[in-house]
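Colleague: Please take a close look at a single part of this model and walk me through its surroundings with some care. I would like one connected account rather than a list of separate remarks.

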Amino acid sequence: MQKRPNYFFKIWRVVYPLLIHYGSLMLIAILGLFVIAFAMVSRFSGTTVDFSSADLFVNLLRVYLEKAVLLTGIGNLFSIPFLLMLMRVDHRKYPLGKITHTAPAVAYLIPALAGIAFCIAGNTFLTLLPIAETSSDTIQMEELMNSGSSLEQYLCVAILAPIGEELAFRGLAYRRIRDFLPAWAAILLSSLAFGVYHGNVLQGIYASLLGCVLAYSYEKFQNIVAPILIHIFANATSCLLTDVTWFDFMFETKTGLIVSMIVTLILGMGLLVLAKFTTKVTREERPEPNLPIRRAPVPVYVAPAYSPQVAYLQPAYPQVPYLQPAYPQVPYQQPAYPQVPYQQPAYPQVPYLQPAYPQAPYQQSAYSQVPPQ
């Protein structure tokens with residue numbers, strides 16, 4: 001019987017894919033910072049560069065912020081192969097059972113439209129919060145969304161970032177939490193981790209709410225494609241809100257914000273329900289996970305492969321009726337024994353002769369006569 005892993009092992013399995021994703025982003029950011037610094041210093045080749053100058057570091061930080069979106073996209077692209085490899089290992093060691101999807105490809109456009117609705121609902125909700133006007137996170141979000149070209153925004157923020165984050169948070173973290181917790185607990189934990197991962201209050205609230213939708217879609221569809229599509233269209237809508245003025249009427253008044261939030265929230269939930277009914281997902285019984293054993297491996301007896309069992313067929317013997325032989329009937333004849341008359345044997349008659357005993361005369365004994373006294 002296999003030993004169950006301890007709690008530290010369970011937590012570590014959930015955390016280290018997120019560390020891989022975060023480490024990829026940090027590694028590319030540090031390398032990008034060195035490349036930018038080297039490019040700036042090489043411009044002053046042949047001249048004396050004052051590294052203590054404040055202007056040099058201000059310009060370095062400004063250029064880095066301009067390339068932050070591009071560096072984030074490269075970091076996500078760098079982490080995707082490692083995350084896919086971990087998902088493949090999970091499917092082999094911790095199988096979920098064979099999953100069958102019966103739905104046309106067009107059905108996946110429904111959760112994509114739901115991502116647009118949830119993005120508008122989330123942004124209107126953040127605008128209604130009192131901290132949205134005074135928080136420095138709002139300024140950081142606006143600077144981040146305005147940094148880089150439109151191509152970098154849509155390629156890195158709307159495509160590469162959703163793929164990398166969904167592989168890390170839904171494909172690995174959420175799926176591994178589901179190995180030992182029910183669905184509602186796994187949705188809450190993965191969504192809170194997704195919000196904390198973004199690093200500020202406003203993005204954390206938005207990411208936590210959107211993470212619940214993404215984890216729910218992954219639970220119902222049993223396919224990582226559904227949350228990736230929702231995330232891609234939600235991020236693309238966020239980029240579109242900063243580029244065009246089509247949706248400005250929703251954010252002009254408080255009443256418009258509330259109505260827009262309620263309408264888009266109901267629309268998004270209705271689209272998720274519709275997608276669930278149009279996509280039929282069946283899964284076979286989940287096999288036992290191949291959990292690691294913390295002891296020396298024990299050789300497993302493998303039964304020899306016997307030849308196929310052939311059913312024994314008893315030959316059908318011909319049914320011959322039993323015929324009793326007809327024995328000849330001979331009448332019984334008693335043999336004629338010779339009749340011999342019984343003759344008593346003649347024994348010899350011997351007369352009885354009494355022995356002659358000798359006759360002795362009686363003689364009286366002479367007793368002594370004693371006179372009386």
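Colleague: Leaving aside its neighbours within four places in sequence, which residues is Tyr-218 in contact with?

Modeller: Before I answer, please keep in mind that this is a predicted model, in which local features need pLDDT of at least 70 and side-chain atom pairs count only at pLDDT 80 or more, while totals for chains, interfaces and linings use all residues. Residues are numbered from 1 along each chain as its sequence is written, and side-chain values use heavy atoms, with hydrogens and water left out.

Tyr-218, apart from its neighbours within four places in sequence, is in contact (heavy atoms within 4.5 Å) with Arg-170, Gly-171, Tyr-174, Arg-175, Asn-223, Ile-224 and Pro-227. Tyr-218 itself belongs to helix H9, where helices (H or I, at least four residues) and strands (E, at least two) are DSSP runs numbered from the N terminus. Because its relative accessibility is 8%, Tyr-218 counts as buried, a label given under 20% relative accessible area, with exposed meaning over 50% and partly exposed lying in between (1.4 Å probe, protein chains only). A further spatial reference point is Ile-187, which stands 31 residues from Tyr-218 along the chain, with 9.8 Å between the two C-alpha atoms.

The partners of Tyr-218 are easier to place once the packing of its helix is described. Helix H7 (residues 150-177) and H9 have axes that come within 11 Å of one another and cross at roughly 60 degrees. That angle makes H7 oblique to H9, since angles under 35 degrees count as roughly parallel, over 145 as roughly antiparallel, 65 to 115 as roughly perpendicular and the rest as oblique. The axes are lines fitted to C-alpha atoms, for helices over the stretch in contact, and angles run from 0 to 180 degrees between N-to-C directions. On the H7 side the contact is made by Glu-166, Arg-170, Gly-171, Tyr-174 and Arg-175, and on the H9 side by Gly-211, Leu-214, Ala-215, Tyr-218 and Glu-219. Arg-170, Gly-171, Tyr-174 and Arg-175, which are named there for H7, are also among the contacts of Tyr-218.

Helix H10 (225-243) is linked to H9 by a loop that holds Gln-222. H9 and H10 pack at an angle of about 150 degrees, their axes lying 8 Å apart, and this makes H9 roughly antiparallel to H10. The residues that make the contact are Tyr-206, Leu-210, Leu-214, Ser-217, Tyr-218 and Phe-221 from H9, together with Ala-226, Pro-227, Ile-230, His-231, Ala-234 and Ser-238 from H10. Tyr-218 is thus named in the contact of H9 with H10 as well as in the contact of H7 with H9, and Leu-214 is likewise named for H9 in the H7 contact and in the H10 contact.

The linking loop deserves a closer look of its own. Gln-222 counts as buried because its relative accessibility is 18%, and although Gln-222 is not a glycine, its phi is positive, at about 55 degrees. A polar atom of the Gln-222 side chain lies 2.9 Å from the backbone oxygen of Glu-219. Gln-222 can also be placed relative to H7, for its C-alpha is 9.9 Å from that of Gly-171, a residue 51 positions away in sequence.

Further along H9, which spans residues 201-221, sits Ser-208, and its relative accessibility of 17% is why Ser-208 counts as buried. Setting aside residues up to four places away in sequence, Ser-208 touches Ser-191, Leu-192 and Gly-195.

For the wider setting, the protein chain contains eleven helices and two strands, arranged along the sequence as α-α-α-β-α-α-α-α-α-α-α-α-β. Of its 373 residues, 34% are buried, as Tyr-218 is. Among contacts in the protein chain with a separation of 6 or more, 83% are between residues 24 or more positions apart.

Key: Polar contact = N/O pair within 3.5 Å; in protein donor to acceptor, adjacent residues only side chain to side chain.
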